[in-house]
Amino acid sequence: KIKAHLFPRKHIFLEPVHQSQRNKKRTHKEEFKMGESDNNGKVSREEEEQPLSPAARLFHSPSFNCYIIAILGCNTKFKPDVIKSGLEQTLLKHPRFSSKLVADDGQRWTKTIVDLEDHVIVPDLDPNIDFADQFAEDYISDLTTKPMDLSKPLWELHLLNIKTSDAEAVGVFRIHHSMGDGASLISLLLACTRKTLDPEALPSVPENKRADSTNSGGFWWFLLAFWSVLRLIWNTLVDVLLFGVTVMFMKDTKTPIKGAPGVEHNIKKFVHRTISLDDIKLVKNALNMTVNDVVLGITQAGLSQYVNRRYGEAEIDEGEKQRKSNLPKSIRLRATILVNLRPTVGIQALANMMEKGSKTRWGNLIGYILLPFTIALQDDPLDYVRKAKATIDRKKRSLESICTFSGGVLVLRTFGVKVAAALTHKVLSNTTMAFSSMVGPLEEISFYGHPLAYIAPSVYGHPHALTIHYQSYVNKMTIALAVDPNVIPDPYQLCDDLEESLKLIHDAILKKV
C-alpha cells in the first residue's frame, strides 16, 4: 500500500524524501541504474530490457495484482496540453514510464514508444456537474474494476475538470505497483512539481534528523550496547515466529472491518479528510514523541470508536453520560506495512535523471511488518498515543522487515512466483488492514503550473477491506481511505471518528498545559 514511514533506517511510515542523498551500494542484483548510455549516447541493451524484481513479479500475480492511486486536488482547472508537454519533458524520460512488459513471459521490462493520448485521459465533462464529489468518487472507484493494457506502459493520468468541495479540478494517477514502491513513486511525482512561489525550485521536504551518538566507550555504554543487541535479536526472533504463525494459521479477530476471502477483487471506494498537521505537532511536542506516534494513536482511537459503533450503539448511562464499550474483551487487529528496504531516491536525483539523463537506482525491495493495534475505549485520550509510541518503539528494535524480505526472495527463487504469491496473500488475508504514512512538501507546489490543494495516495488490489494512508502537505495532513463498500459502507463516518480523535487528544493536551 501505499509506503510506508516510521523507522528512518528502513523507511517506514513518514519517510522523508531527501533532495540530496548519497547513492548507496547496490543491495539487490535486480535493481538497475536508470539513464545509462554508451559513449555514443545510445541506450545499451541492458537499458533497453530490465528484469522484474521479485516484488514486481509478485504484484503481477492474480491474487496480488496491486495498483497505486494518487489523487491530486488542483486549485485551478487543468490545461491538458500543458500537462502533456510537461510529461514529455519529465516522466517519459523515466525508463519505467516508457517501458512495457515483454509479451512472451512477462518477466522483463522493454523500452517502447509512448503515445500520451493513450495515457492521459481527459473525459468530456460538464464543469458545473451536479454532485461533483460523488461523481469523482464513482469515477475513481470504477477504475478499480478495469485492468490495465499490458501492451503499454502501466500508468494512466485522468484529468477531471470538475469543481469539487475542496478543489477546482481532480487529477488521478493510476500506476501498477510493479513499477516501483509507493515512496519512490511519490518521490517521482514530487520531482515533476515545483514550488508555486518559486517555479524553478523543487519541493522541499523535512529531512530525517538522526539522533546524536552517545558512544562514550565506557563500561556502561558497552553493557547498554550489549543489552540492545540482545533485545534486537530477541524481538526479531519473536516477530519472525509470529509472522510464520500468521502464514500458517493465526488470523485476526473477525471484526466488522475485516474483509472476507476474495476482497481483493471487489470494487474499492476512495475518500479523504484533511486535518491539521499543526495540531498533530502540538501533541508531538507536548509528549516528546514523533509525528508517527501521534498518527498511530489517532488511528487507534478512531478505529476503536468506529468498531465499537459497528458492534452496536452503546447504551448511555444517564448518570455518567459516558459511552459504554460494545467491544469484545480481546481483539486481535493488525495492520500489514510494506517496508521499503532500499534507500529512497531523492527528489533532486530523480529530477536530474529526467532532465540530464543522470544515473539513479530503482526497483522494489519490500519487506513486511505486522503492526498490532490496540482496539479499546480509553478513559484518557492520551493513552491511545502512549500505547502507539510503545508499539512503534518495540518495532524499531526488530529486523522483521529484513527477515521477511529475505525469506520472500528465498521462497520465490526456490518454489516460484505462485507459491510466493500464495504465502504473501495468506499473510495479508489473515490481517485486517494496510497502513502507511508519508511526509510531503513544506510549501505549496504546482504540477506543471497547476497549484495543488492536496495529495491523497492509496493502493488497491491487496486482500484488505481497509487501507489507511496519511500524507502531509504544507501545514495539513490528508487521511486517505481505500475501502470495500460492502464491508465499510460509511467511510465518512470513519473519517469523522479519526478527526474527532485528534480533537480529543489535542484538547487533552491543552488541559494539561
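Contact is defined here as heavy atoms within 4.5 Å, and helices (H or I, at least four residues) and strands (E, at least two) are DSSP runs numbered from the N terminus. The model is predicted, so that local features need pLDDT of at least 70 and side-chain atom pairs count only at pLDDT 80 or more, whereas totals for chains, interfaces and linings use all residues. Residues are numbered from 1 along each chain as its sequence is written, and side-chain values use heavy atoms, with hydrogens and water left out.

Helix α13 comprises 22 residues, 491–512. At 1.5 Å times one less than the number of residues, α13 should span 32 Å, and its end C-alpha atoms are indeed 32 Å apart. Its buried residues (under 20% relative accessible area with a 1.4 Å probe, protein chains only; exposed is over 50%, partly exposed in between) are P491, L494, C495, D497, L498, S501, L502, I505, H506, A508 and I509. These residues cover an arc of only 165° around the axis, taken from the directions from the helix axis to the C-beta atoms, and therefore lie on the same side of α13. An α-helix has 3.6 residues a turn, so residues three or four places apart point the same way. The cover over the buried residues of α13 includes the strands β10 (269–276), β17 (466–473) and β18 (476–483), together with the helices α7 (277–287), α8 (291–310) and α10 (382–396).

Helix α8 is itself mostly covered, with 17 of its 20 residues buried. Its end C-alpha atoms are 28 Å apart, in agreement with the expected 28 Å. G312, which follows α8, has a positive phi, near 135°.

Pockets and cavities were located on a 1 Å grid over the protein atoms alone: a cavity is a set of points where a 1.4 Å probe fits but cannot get out, a pocket is an open set with protein on both sides within 12 Å along at least five of seven lines, and lining residues have an atom within 4 Å of a point. The second largest pocket has a volume of about 480 Å³. Of its 26 lining residues, F243, T404, G407, G408 and V411 lie nearest its centre. Helix α11 supplies the largest share of this lining, eight residues. The second largest cavity holds about 100 Å³ of space. Its lining has 13 residues, with F97, F173, I175, L185 and L189 nearest the centre, and α5 gives the largest share, four residues.

Key: Points joined across faces, edges and corners; volume = space filled by probe spheres on them.
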